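Student: Could you take me through one part of this structure in close detail? I would like a connected picture rather than a list.

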Amino acid sequence: MHLLNLGILAHVDAGKTSLTERLLHTAGVTDEIGSVDRGSTRTDTLALERQRGITIKSAVVSFPLDSVTVNLIDTPGHPDFIAEVERVLGVLDGAVLVVSAVEGVQAQTRVLMRTLRRLRIPTLVFVNKIDRRGARGASVLDEMARRLAVPLVPMGTAAGLGTRAARFVPGLGPSALDVLADRDDDLLAAYVTHGISDGRLDAALAAQTRRGLVHPVWFGSAITGAGVAELVTGVERLLPPASGDPDGPLSGTVFKVERGPAGEKIAYARIFSGTLRVRDRVPFGDGREGAAGREKGDGREKGDGREKGDGRERGDGRGEGRITALTVFDHGGNVRREEAGAGRIARLWGLGGVRIGDALGAPGRAAGHHFAPPTLETVVVPGPGADRRALHLALTQLAEQDPLIGVRHDELRKETSVSLYGEVQKEVIEATLADDYGLDVTFRETTTLCVERPAGSGAAVEFNKKDGNPFLATVGLRVDAAPPGSGVRFGLEVELGSMPYAFFKAVEDTVRETLGQGLHGWQVTDCAVTMTHAGYSPRQSHAHQGFDKSMSSTGYDFRGLTPLVLVEALRRARTVVYEPMHRFRIEAPADTLGALLPVLARLGAVPESTGGHDRAGVLEGAVPAARVHELGQRLPGLTRGEGELETVFDHYAPVPRGPLPERPRTDHNPLDRKEYLLNVTRRVGD
């Protein structure tokens, strides 16, 4: 039987988890349909998910159809947990995008559809809640066509809207041929010449859906079951099954990591090729090709990829572990198996150092970022009696499961901060620390995360044993501005063989770590750093004696000197602080837009276009992320309570005139040479 790894995606409260429950019931996996309100769903297993009635972590459940076994992945709908969705996208064969027939297209709907289209993931659309009061049919379809701007093929219509008797009436309309013929010249020619049979039309629909060119649409209700059977038929008939050679070389991706009852790591992995067996020794890691000379990076990497005791003992950021147990998803449960082949999603035990995004087997491409990074940050404040070390450990474990939390520890101030997508995520972290770790915490006011980019080029060099350089190393670096979105690139203008490879590795790793805090304390990105000078003191020893550390270069010398050289190069290049900007869309009565414009100006927003339909006006533009909350608060009073606001991260823009936002440093401050050398050399002597 074929396999299909299917994602269910939606904006919050569209009924995504309810649809998952209905699909399991329709397939015969469950006897009773789980309820989000009663906290009895199969996929929302966390206590916090059941209390709040929202999905926080992605979950996998399996069910059989006539010709395919579906691994269904339920994902969070709230935008604060978009990172969970991002990790799932890379393991999907197809997706169902759920839209509410009442609320229609939301900002999250547009973000998800754009991403699914960009990744060419075949996607079906299910318009849910046709039984609810206020449900719409044709107007929602028109809204999707206008606001999603993608080719849609209605698979039927909805009847009895807004009542418990609402139902789906199957049948392709005339618009289906128009949409399909626009993308198939042979189909158009056949239609003009002698007409199209239903079989030919169905074949064209399946072919174009599997290529992600068109998106079939069903109407229904997860609560009553209307339209769900027809959707299931579409999933089986129109989406491509998982591919991969079970006899090929092992290749897989870890998309989720959780902790078991005994604290052990459990990795969720999609196997793309080969077969994974219990007792196999499996290499894993981020698949990057090594150190010096690497041309790609996102500026987020710190250290050399090795954590003490985590199984990552190799210098290229990869490790190895032995599979001690594995389970696969089958008929609604986890089934213990001895092996898992291509196409499967498996839960793996034994990979102690594994991380989300790691490739299993042969090195693969690093997972790309499909959505915006977090743009908020807050300091976690331990409550009375809370152990700071226990708090740091707990946050580190949470970051294993959600790397974009971005735990940042300030040794000088004894503070730990986390990066966030929004306030709901902060509440979830607080509740998780209390429930799972017994830690009472509060948070400081949320602040905006800026970035720094070089304004031009700058270079600096320090030579071994010259001009007050206390390190036995020569390091020269040049920093150049790079295009937005390119991250951090590191390269060499010196011969790789001019000194031991470990010293080049130490320089690159330290460059990437130091760029985490620029001249104003923000992460430096979109730059190319080139090593222009290199030198070292060869290993020396006195006669009949051992290695003389005082006369020979070590990795410490290069790790200690690199931050001083890099910040001097940054000073000469100068950096510009950029703040996150959100794209906003306001729909409100046309006669209220005039009152909105001066308020938007005071908030630093830049309106870029206006439009409208019927008596509603539409205003679009960009607004600083730091002012989005205030804009949302002001909008009802300015629009007689009728205004609707959508915002989504769009880009970074230079901070306008005025004092630049500064971020406290958490390192030994290489911007102050005297303080830096005092701290670093004192630590070495301790």
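Tutor: Happy to! A word on terms before we start: two residues are in contact when heavy atoms of theirs lie within 4.5 Å. Please also keep in mind that this is a predicted model.

Let's begin with glycine 162, which sits in the loop joining strand S7 (156-159) to strand S8 (167-170). Once neighbours within four places in sequence are set aside, glycine 162 is in contact with Ile130, Asp131, Arg132, Arg133 and Ala135. One of these partners, isoleucine 130, is 32 residues away along the chain, yet the two C-alpha atoms are separated by 5.9 Å. Is glycine 162 buried, exposed or partly exposed? Its relative accessible area is 29%, and because buried means under 20% and exposed means over 50%, glycine 162 counts as partly exposed.

Now let's move to the start of the chain and strand S1 (2-10). S1 is mostly covered, with 8 of its 9 residues buried. It pairs in the parallel sense with strand S3 (residues 68-74) over 7 bridges, and isoleucine 8 stands opposite aspartate 74 of S3. S1 also pairs with strand S4 (residues 94-100), again in the parallel sense, over 5 bridges; here alanine 10 has valine 98 as its bridge partner.

Follow the chain out of S1 and you enter the loop that leads to helix H1 (16-26), where aspartate 13 is found. Aspartate 13 has a positive phi, near 70 degrees, and is not a glycine. That is worth a second look because most residues other than glycine have a negative phi. With a relative accessible area of 54%, aspartate 13 is exposed.

Next comes H1 itself. Of its 11 residues, 9 are buried, so the helix is largely enclosed by the rest of the structure. Among the buried ones are Lys16, Thr17, Ser18 and Leu19. The elements covering the buried residues of H1 include S1, S3 and S4, along with strand S2 (59-64), strand S5 (123-128) and helix H9 (228-238). After H1 comes glycine 28, with a positive phi near 85 degrees.

Finally, set asparagine 669 beside aspartate 13. Asparagine 669 also has a positive phi, about 55 degrees, without being a glycine, and it lies in the loop between strand S34 (644-654) and helix H16 (673-685). Asparagine 669 is buried, at 17% relative accessibility, whereas aspartate 13 is exposed.

Methods: Residues numbered from 1 in each chain as written. Predicted model: local features only at pLDDT ≥ 70, side-chain atom pairs only at ≥ 80, totals over all residues. Heavy atoms only, no water. Helix = DSSP H or I, 4+ residues; strand = E, 2+ residues; numbered from the N terminus. Buried < 20%, exposed > 50% of the residue type's maximum accessible area, 1.4 Å probe, protein only. Pairing = 2+ DSSP bridges.
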